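The following exercises train the reading of a protein structure, step by step. Please attempt each task before turning to its solution.

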Amino acid sequence: MNCSSNCSSNQLRNFFPAKKDEIPPQHLPKMIIQKNYLANGNFIQSNTPDNFQVLSPIYINSQQVSLGEHPHLNREEVLSVLSHAQQAWKKGNSDWATSSTSERIRCVENFVKEMQLQKNLVVNTLMWEICKNYPDAEKEFDRTIDYIKETIHSLKELDRISSRFVIEQKIIGQIRRSPLGVVLCMGPFNYPLNETFTTLIPALIMGNVVIFKPAKFGVLLWNPLLPAFAKSFPPGVINVVYGEGKEVITPLMSSGGIDVLAFIGSGKVADVLKKHHPSPHRLRSVLGLEAKNAAIVLEDADIQLAVEELLLGTLSYNGQRCTAIKIIFLHRSVADKFLSQFSDKVSALKIGMPWEDGVKITPLPEDEKCLYLNGLVEDAITHGAKIITGGSHHRSLFTPTVLSPVNAKMRVWREEQFGPVVPIAIFDQIEEPINYIIESSYGQQTSIFGTNEEKIATLVDHLVNQVSRVNINSQCQRGPDSFPFTGRKDSAEGTLSVSDALRVFSIRTLVAAKENNLNKTLLSNITYNHQSKFLNTDFIF
Ligand code: G3H
């Protein structure tokens with residue numbers, strides 16, 4: 001099958017396996033039936049009678065493949081999880097909350113070792129649940145391990161800097177970072193493992209207690225990691241809840257027992273969650289929300305390079321990345337050349353099942369997603385766009401689709417498609433894409449393609465107050481993970497990176513004393529005799 005983006009709906013049907021025998025044995029799904037949840041270090045059987053059935057976006061012989069089931073908790077169960085978490089925090093006085101940096105690092109190091117043992121099952125389940133192609137699913141796992149190791153390294157550095165006393169205006173101080181309390185972590189389905197860990201691990205390693213709810217897709221992949229959590233952390237420090245947001249998250253937020261909300265998803269949901277908290281001023285939030293990143297291709301751009309970068313930027317993992325480029329602005333003078341090269345590349349993208357070699361376009365996990373994307377395409381056509389390539393769908397597969405020229409009357413101009421549809425606008429004056437970015441509700445990133453220093457410099461100066469990252473001749477992306485990842489306007493609250501995340505989940509706290517003989521002796525003796533975990537001058541190697 002090599003029709004790719006030009007496949008008809010009928011041809012797309014043939015990309016799905018007709019029988020299980022067509023799947024390589026190492027990639028067959030392992031059925032996971034989970035009836036319990038992790039709370040207070042124990043696996044507790046849920047009282048809710050019906051488990052939630054997990055279906056893959058992959059169909060075999062017209063049937064969605066069943067991957068297993070997980071519980072969905074009721075209100076009482078969720079509130080009892082919260083009370084376990086609160087006991088593990090004990091208003092900041094539990095063993096965990098007052099543990100030393102080294103003790104917490106040891107727990108996380110132990111967890112990484114256990115996690116690595118589960119790689120094959122986690123990666124294969126992730127592939128079946130969200131249809132990320134196998135190499136990218138594996139990359140997500142490895143990147144997560146690297147992220148955890150870099151977090152440990154970064155915390156050691158932070159601790160070394162905080163391990164000294166400072167003396168200012170005859171006051172001695174030791175300034176450290178302390179945990180905040182009970183953190184509710186919720187990641188997105190497109191990076192169910194990595195993005196969740198980018199908040200969960202920093203929250204834990206800083207001494208907080210975590211309640212974690214997996215994303216709507218990508219739930220079973222956590223199952224093999226639950227024993228590793230239970231084994232590596234004290235009871236109640238990490239707890240996992242399952243179910244519909246309304247049933248599970250509303251009671252948690254309304255209780256006022258959540259101190260930090262770490263959420264990656266839509267702004268609408270984030271607003272509802274925050275409103276449920278009885279004391280919003282006490283709630284710290286770190287949010288990764290929607291984006292509609294625009295790319296601008298200038299008249300002097302290196303077209304071949306722009307095509308390569310924009311292919312990755314728009315269609316990696318079917319365009320289901322918050323950092324994906326979701327609209328392209330082409331200068332009219334390069335439009336024909338770009339469109340012809342770009343559509344050739346899009347047409348060559350391999351469609352298929354995520355375990356196949358070289359496959360780039362895979363089934364979409366969200367229900368009714370193809371109908372939504374089709375609606376965007378039809379609306380664009382009504383308002384004057386043409387389909388350059390693509391435009392068909394069957395079940396969960398949608399061909400990569402390029403639309404041009406797009407304009408402000410179309411839904412795809414504003415809506416975050418989060419799928420394999422690439423809207424391309426043509427401009428004559430640079431003010432047109434600049435105004436688009438200024439007027440957008442979102443402000444995550446942008447990419448500019450060009451070779452003229454003066455033009456690039458001027459554009460950079462215009463755009464750095466609109467978005468949080470301007471990429472030059474490069475696609476938009478989150479990494480490297482040491483770089484700050486954030487957004488302006490409706491795109492984010494707070495900043496994540498390996499080192500920033502440690503700050504997000506902690507607060508600067510200091511112990512201070514006037515510089516007199518009594519205090520000098522006290523502080524010397526406390527540190528010399530290792531009597532405090534906070535007041536100490538140890539160097540962590
Ligand atoms: O979905 C949003 C992710 O943070 C994007 O990360 O740019 O590395 O794909 P990425």
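The structure is a predicted model, and five exercises on it follow.

**Exercise 1. The surroundings of Asn-471**

Task: Determine whether Asn-471 is buried or exposed, and find which side chains make polar contacts with the side chain of Asn-471.

Solution.
Step 1. Locate the residue: Asn-471 belongs to strand S22, which covers residues 469-472.
Step 2. Judge the accessibility. The relative accessible area of Asn-471 is 6%. Buried means under 20%, and therefore Asn-471 is classed as buried.
Step 3. Search for polar partners. The side chain of Asn-471 is joined to that of Gln-445 by a polar contact of 3.0 Å. A polar contact of 2.9 Å connects the side chain of Asn-471 with the side chain of Arg-469.
Step 4. Leave out residues up to four places away in sequence; Asn-471 then touches Gln-445, Thr-446, Ser-447, Ile-448 and Cys-476.

**Exercise 2. Strands and their pairing**

Task: State how strands S2 and S3 run relative to each other, parallel or antiparallel. Then work out which strands stand at the edges of the open sheet that contains S1, S5 and S4.

Solution.
Step 1. Strand S2 (residues 36-39) and strand S3 (residues 42-45) run antiparallel and are joined by four bridges. Within this pairing, Asn-36 is placed opposite Gln-45 in S3.
Step 2. Examine the turn. The hairpin of S2 and S3 has two residues between the strands, and Asn-40 adopts a positive phi near 55 degrees there.
Step 3. Turn to the open sheet. Its three strands follow the order S1-S5-S4, with mixed pairing. Strand S1 (32-33) and strand S4 (52-60) each have a single partner strand, so one side of each lacks a neighbour in the sheet; these two strands stand at the edges.
Step 4. Inspect one pairing in this sheet. S1 and strand S5 (residues 63-70) run parallel and are joined by two bridges. Ile-32 has Gly-68 in S5 as its bridge partner.
Step 5. Recall the general background: strands of a sheet pair through backbone hydrogen bonds, in either a parallel or an antiparallel manner.

**Exercise 3. Aromatic rings**

Task: Classify the ring pairs Phe-111 with Phe-229 and Phe-539 with Phe-541, and describe the accessibility of these residues.

Solution.
Step 1. Begin with the count: the model holds 18 aromatic pairs.
Step 2. The rings of Phe-111 and Phe-229 are 4.5 Å apart centre to centre, with 10 degrees between the planes. Planes under 30 degrees apart count as stacked, and the pair is therefore stacked.
Step 3. Place this pair in the chain. Phe-111 lies in helix H3 (residues 101-117) and Phe-229 in helix H7 (residues 226-232), 118 residues apart, and the pair thus links distant parts of the chain. Both Phe-111 and Phe-229 are buried.
Step 4. Phe-539 and Phe-541 form a tilted pair, with 4.8 Å centre to centre and 55 degrees between the planes. Phe-539 is partly exposed because its relative accessibility is 46%, whereas Phe-541, at 75%, counts as exposed.
Step 5. Look for a wider group. Phe-111 and Phe-229 also belong to one aromatic cluster, together with Trp-96, Phe-197, Phe-212, Trp-222 and Phe-233.

**Exercise 4. The ligand**

Task: Identify which residues are around the ligand, and find three atom pairs that involve an oxygen atom of the ligand.

Solution.
Step 1. The surrounding residues are Arg-143, Asn-190, Tyr-191, Glu-195, Arg-321, Cys-322, Thr-323, Gln-477, Arg-478 and Phe-485.
Step 2. Consider side chains. Glu-195 has a polar side-chain atom 2.2 Å from an oxygen atom of the ligand, and for Arg-321 the corresponding distance is 2.7 Å.
Step 3. Consider the backbone. A backbone N or O atom of Arg-478 is 2.7 Å from an oxygen atom of the ligand.

**Exercise 5. The surroundings of Asn-519**

Task: Establish where Asn-519 is found and which residues it touches.

Solution.
Step 1. Asn-519 is part of helix H17 (residues 517-528).
Step 2. With a relative accessible area of 16%, Asn-519 is buried.
Step 3. Setting aside residues up to four places away in sequence, Asn-519 touches Ala-513 and Lys-514. A polar atom of the Asn-519 side chain lies 2.8 Å from the backbone oxygen of Lys-514.

Notes. Residues numbered from 1 in each chain as written. Predicted model: local features only at pLDDT ≥ 70, side-chain atom pairs only at ≥ 80, totals over all residues. Heavy atoms only, no water. Buried < 20%, exposed > 50% of the residue type's maximum accessible area, 1.4 Å probe, protein only. Polar contact = N/O pair within 3.5 Å; in protein donor to acceptor, adjacent residues only side chain to side chain. Contact = heavy atoms within 4.5 Å. Pairing = 2+ DSSP bridges. Phe/Tyr/Trp six-rings, centres within 6.5 Å; stacked < 30°, edge-to-face > 60°. Near = heavy atom within 4 Å.
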